[in-house]
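I opened this entry to record what I looked up, beginning with the whole chain and ending with one pair of packed helices.

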Amino acid sequence: MRPGHRDAGEATPRTAGRRSRPTLARLAWVLGAVAVTVVVVTLLLIVRARGAQLPPGFRTAGVVETLQFLGPAIVGAVLAARRPHNPIGWLLLGLGLCFAVYPLVVMYVTTAAFVSPRGLPAVRWVAWVGNWIWVPAHGCIALLFLLFPNGRLLSPRWRPVTWAALGATAVLLIAAACHPGPLEVGGSTGDAEVLPGFDNPLGVAAFGPIVAAMVVVVQAIEVLGIASLALRFRRSRGEERQQLKWVAYAGVFYGLLTVVLVVGHSSGLIPEEGTLWLEVLDQATAFGLLAAIAVAVLKYRLYDIDRIINRTVVYGLLTAALGLCYVAGSLGFVLVT
C-alpha cells in the first residue's frame, strides 16, 4: 500500500466523529432520562412525607426546590445531544444530575427515619452519598466558566487552572467521602438528631481538615473562571461576542435577584423560608440563564440579543420614569393637602 493511501473501509477522524454522534446523543438522552426519573422519585417521596411528624427545625426538600434541577439536566441533555463534542452540554448534564440526587438523598433518609414503619435499606450508604455528591457539581461549575462558550480555554495559559480545578475537585471528593463524624443530610439541626449514631462508614480523622481547605481552593478556582469569562468577553468579536452577550444579559437579572434575596434575608425584610412567588421568580431567572446558555451554544438567533437589550433599556428607562412621576405626584399631593 502506498504511503498516505487509505483503505476504503478505514475510518478517518471525521467519519469516526460522525459515527460517534448518534451514540453520544443516545447517552445524553439516557442521562437526561435518569435525572428526570430521580426528580420524579423525589417528588413521590415528598408527597409521601406530607403530614409526617418530623423533628423541629428539620426541613425536607421542597417541590419547587426539587423541580429546579430539571433545568440544567434537560438543557444539558439537549446541548450534549445536539453538540456532543462541545463539553458545555455534558457539564450542565453532570451538574443537573449531581444536584438532583441530593434532594433524593434527603427524602430517602427522611422517609426511612420518620415515614416508613419498616425503614428502607442501605440508609447509611444513601446518606453517605449526600456527603459528597455536591463536590462534582462545583467542579462542573468551575469548568463551565473556563470553557464557555466553545469548549476551549481562553488561551493555553489557563491550562494550569483547569488542571487545578480537576485536581482540587478530586481531592475534595475523596475528603468529603471520608469526612469523619455524623453524616449530614438535610435539616438545620444536623444529622445526629435525624439518624442517631449514624457516622460515616468510611470516615477517616485525617480527612477532616482537608475538606475546609479544599472548599476554599475550589471556590477560588470558580472566581478565576469568572475572571476568565470576563476577559473572554472583553477580547471577543463577532459570533463569540454575541454568545457571551446572551449569558451576560440573563446573568444580570439572575445576579440582581440574588443580591436582593441576600440583602432581604440578612435584613429580615424577606423571611429565610421565602414565599412561593419568590421561589418561582428565582427559578425563572435561573432557567432564563440556562436558556441563554442553550441559545449561545446552539447559535440560534444569536444576533437578536442586540434588539432585546435595546428594548430592555428603553422599557426599563420608561418604567423608571413613570415610577418617578408617580412618586413625585404622590409627594406633591401630600404636600398640597
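I began with the accessible surface of the protein, which comes to about 19,200 Å². Carbon and sulfur atoms hold 68% of that surface. I note that the model is a predicted one. Of its 337 residues, 37% count as buried.

I then looked up the secondary structure and found 12 helices and zero strands. Read along the sequence, the pattern is α-α-α-α-α-α-α-α-α-α-α-α. For contacts with a separation of 6 or more, I recorded that 77% join residues 24 or more positions apart.

Next I turned to helix α7, residues 159-177. I checked its length: at 1.5 Å a residue, the 19 residues of α7 should span 27 Å, and the end C-alpha atoms are 27 Å apart, so the two values agree. I listed the buried residues of α7 as V161, T162, A165, A168, T169, L172, A175, A176 and A177. Which helices cover them? I found α5, α6 (134-147) and α9 (208-235) among the elements that do so.

I followed up the first helix of that list, α5, which covers residues 123-132. Two packed helices are described by the angle between their axes and the distance between the axes. For α5 and α7, I noted an angle of about 145° and axes 8 Å apart. The crossing of α5 past α7 is right-handed. At the contact, W128, N131 and W132 of α5 meet L173, A176 and A177 of α7. By class, I entered five nonpolar residues, one polar and no charged for this contact. A176 and A177 thus appear in my notes both as buried residues of α7 and as residues that meet α5.

Conventions: Residues numbered from 1 in each chain as written. Predicted model: local features only at pLDDT ≥ 70, side-chain atom pairs only at ≥ 80, totals over all residues. Heavy atoms only, no water. Axes fitted to C-alpha atoms, helices over the stretch in contact; angles between N-to-C directions. Helix = DSSP H or I, 4+ residues; strand = E, 2+ residues; numbered from the N terminus. Left-handed = near helix turned anticlockwise from the far one by under 90°. Contact = heavy atoms within 4.5 Å. Nonpolar A, V, L, I, M, F, W, Y, C, P; charged D, E, K, R; others polar. Buried < 20%, exposed > 50% of the residue type's maximum accessible area, 1.4 Å probe, protein only. Areas by Shrake-Rupley, 256 points an atom, 1.4 Å probe, with all protein chains shown as cover. Expected span 1.5 Å × (residues − 1).
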